[in-house]
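Here is a short note for someone opening this entry for the first time. Please read it with the structure on screen.

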Amino acid sequence: MRRAAADDGAAAPAEPQLLAAAFESAIASRSPRLGRAAHARALRLLTPALPPFICAHLVNLYSKLDLPAAAAAALASDPHPTVVSFTAFISGAAQHARPLPALSAFAGMLRLGLRPNDFTFPSAFKAAASAPPRSTIGPQIHSLSLRFGYLPDDAFVSCAALDMYFKTGRLMLARRLFDEMPNRNVVAWNAVMTNAVLDGRPLETIEAYFRLREADGLPNVVSVCAFFNACAGAMYLSLGEQFHGFVVKCGFQMDVSVLNSLVDFYGKCRCAGKARVVFDGMGVRNSVSWCSMIAAYAQNGAEEEAFAVYLGARSSGEEPTEFMVSCALTTCAGLLGLDLGRALHAVAVRSCIDENIFVASALVDMYGKCGGVEDAEQIFFEISQKNLVTWNAMIGGYAHIGDARNALLVFDDMIRSGDTSPNYITLVNVITACSRGGFTKEGYELFETMRERFGIEPRIEHYACVVDLLARAGMEEQAYEVIQGMSMRPSISVWGALLGACKMHGKTELGRIAAEKLFELDPQDSGNHVLLSNMFASAGRWAEATDIRREMKNVGIKKNPGCSWVTWKNVVHVFRAKDTKHEMYDEIQALLSKLRKQMQAAGYMPDPRYSLYDLEEEEKESEVFQHSEKLALAFGLICIPPCVPIRIMKNLRICVDCHRAFKFISGIVGRDIIVRDNNRLHHFKQFECSCGDYW
C-alpha cells in the first residue's frame, strides 16, 4: 500500500535518498540512460518541486557524464541554486575541457552573491588553465581567492592556482606563488614537476624532485612517474636506472602506473629489451601498459615486435583505445604494412574511434608512408578540425613520394586556415618535399624566410634539408657554402646529404671533403666509407675505391649488407645481392632472365657503373641484375596475385640501374611496384616512377 501511494505522487520518506544513490550509480557506471531514468522517476515522484539537494545531484550527474546541455538545463531549472550546484557544474565542465561554460557559471554564481568554497576555486582554476595565455581570468580568480582567504594557506586551492599559472605559461608568477606557499605538500611539488615535464623542461623536474627530498618530503606515485618522464626526456639512462633501484627498495614497483612509466622510460632511452623485462614482470597490466610497450618497440625501429605486442593485447581481451590503435598504425607505417594498416583502420571504425583526431592523424601518416596517398587524402579532407599533427602527417605523406606541388598547396591551406601555426617539423616536411620534387627555388626561399615569417629558428634538420635540396639540384658548391655559414656544428645528416649528392652528380673532390668530415664524426659507420668507395667506382676510379675498401678492412669496419624484403602470407622473405639460398632461387633466376630479354627488347640496357666492382663489362651487367631489390621483385611477381601491388622494403638506397629496371618492368608486366628504401618511397607504374627520376 505504501508503495502504491508513492507511485501516485506522495514520495516515500526514503525516496530522495534512493534517487540520490541512483544518480551516483549512473555516474559510476558512466550510463546516461540510467541517469535519465532516475531523473524521470524524480520528476514523477517528487512534486511539485525537486528538493535543492536533488537539483544539485542532477547538475552533478549531467556534468560528470559530459552532457553540457542537460547540465545547464538542470542548473537553470533550480529556483534556488546553491554553491554545491554551481560547483558541480563548474567542476564537470572543467574536467571535460569546457572552460567557457565553467567560467560563465563561476561569474553567474558571483552575481547571485554566492560565496565560492574550497572546492569551487580549484575547479575554476582548472577551467582558467585552458584560457589563452594572455587572458586575465586566472589572475582575477587568484585575486578573489586571496580576498576570500583561501590563499596562500589552503594547500588545495594553492596547488590549483599553481597548476593554472604553469599551464598558461606564466612561469614567473607560478614560481612566486610556489615560494610564498607556507605549506608545500607533495601535490604542490608534483605540480612543479609534472608541468616542467609537459613543457619540455626535464632538468627542472629532476631538480624539483631533489628539493622535495631535501625538504624531507615523501614522494608519491605521481612524483615517481614525473621523475621517470624527466629522465626519459633528458635521455638520462644512468640516473633513471639508479632511480629504478630506489623504486624497488621503496615498494613502488607494485604500482601499475610506476611500471608503465618505467616501460616508457626504457623505451625512450633506446633500451627496448629492458622495457620488455619490466613489462613481462608486471603482475597487473592495463591499457596504458600495452600501449607503452608498443610505443617502446616502435620508437626503436622494432615494428614487428611492436605489432606482436598489439596482437597480444587484443588476445588478452584489451579493447582497442585511441592511443593503442595510433601506436599500432605507426608500426604499420614502419613495416610498409598497408594491409595491416587497413585492418587496423577497420578496427578503429568498429570501435568508433576512427574520428578521434589522434587516430585520424595516425591513419593519414600510415597511408602516406605506405604509398596509399589517395587514402590519406580522403581521411585528411574529411577531418573537420585538424591539428598540427594532422597537417604535418599529410604534408609528410606528400614529401615521402616527392609530390612537392601538393605539399605546398596543403602548407598554404594550413597557413590560410589561421587555426594552426607551423612548427619546425612542418618546415622540415615542406623543404623535404621541395627537395624530392625538384622545387629548388620554393624550398630555398622558405628556408631563407622561415625566421621572419614564422618565428622558427633553423635547426640542424632544416640545414640538412636545404643542403640536400641544393645538392640534388646540382648546386653542390652553394650547398657547401650553406654548410660553411652554419652557426652550429654540421651534423652527420648535413654532410651525408652533401656526400650523397656528390655521388649522384660525380663531384668526387667535394664528395671526398664531405666524406672526411663524416669519418671524423662517426669513424665506425661503414655506410659513409662505402658511399665514397661507390662514388669513385661509379667514376671509374677503381684504385681509389679499392683503397677505401682496404682501409675499411684494416681498421675492422664492416659494411652493412644491402637487403630487400617482401611480406607475403604473413611471412617476410629477405633477399641479399647474389642470394642463392632462397627456396625459389631457380624460379627467380628464370623469371629474371625472361624479364631481362623483354626489357632489352623494350630498350633497356643494364648500366654497368652500378656493379661497383672492377669487372669485365659482361660480368658487370650480370652483377647489377643480381641486386637484392631485383630478386625481391622477381619473387613478388611469382607469388603475389596480379591485382595486388608488390611492396618492397630496402635498407639502403635503391640504385639508379634498379630504378630504371623497375620502370621498365612495371610497364612490361602491367603491375604497380612500390619500393621504400632508406630515403623515400617510389611508386612504379606504366614505365614511370612517382619520384619523376629525382631522388
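How many disulfides does the structure hold? The points below start there and then turn to the sheet and the backbone.

1. **Disulfides.** This is a predicted model. The count of disulfides in it is zero. A disulfide needs two cysteine sulfur atoms within 2.5 Å. Two cysteines show how that cut-off is missed.

2. **Cys 271.** Look for the closest cysteine sulfur to that of Cys 271, and you arrive at Cys 269. The gap is 6.4 Å, so the two sulfurs are too far apart for a bond. Cys 271 is buried, with a relative accessibility of 14%.

3. **Cys 434.** Here the closest cysteine sulfur belongs to Cys 465. It lies 10 Å away, and therefore no bond is possible at that distance: it is too far. Cys 434 also counts as buried, at 1% relative accessibility.

4. **The sheet.** Six strands make up an open sheet. Their order is 2-1-3-4-5-6, and the pairing is mixed. Strand 2 (571-576) and strand 6 are the edge strands, each pairing on one side only. In general, strands of a sheet pair through backbone hydrogen bonds, in a parallel or an antiparallel way.

5. **Strands 5 and 6.** Which sense does this pair take? Strand 5 and strand 6 run antiparallel, joined over two bridges. Phe 684 has its bridge partner in strand 6, namely Cys 689.

6. **Phe 687.** Stay with those two strands. Phe 687 sits in the loop between strand 5 (681-685) and strand 6 (688-689). Its phi is positive, about 70 degrees, although Phe 687 is not a glycine. Is Phe 687 buried or exposed? Neither label fits: at 39% relative accessibility, Phe 687 counts as partly exposed.

7. **Met 235.** Another positive phi in a residue other than glycine occurs at Met 235, with a value near 60 degrees. Met 235 belongs to the loop between helix 14 (221-234) and helix 15 (237-250). Its relative accessible area is 44%, so Met 235 is partly exposed.

8. **A cis peptide bond.** Which residues does it join? The bond links Leu 151 and Pro 152, with omega at about 5 degrees. Pro 152 is located in the loop between helix 9 (137-147) and helix 10 (155-167).

Key. Residues numbered from 1 in each chain as written. Predicted model: local features only at pLDDT ≥ 70, side-chain atom pairs only at ≥ 80, totals over all residues. Heavy atoms only, no water. Helix = DSSP H or I, 4+ residues; strand = E, 2+ residues; numbered from the N terminus. Buried < 20%, exposed > 50% of the residue type's maximum accessible area, 1.4 Å probe, protein only. Pairing = 2+ DSSP bridges.
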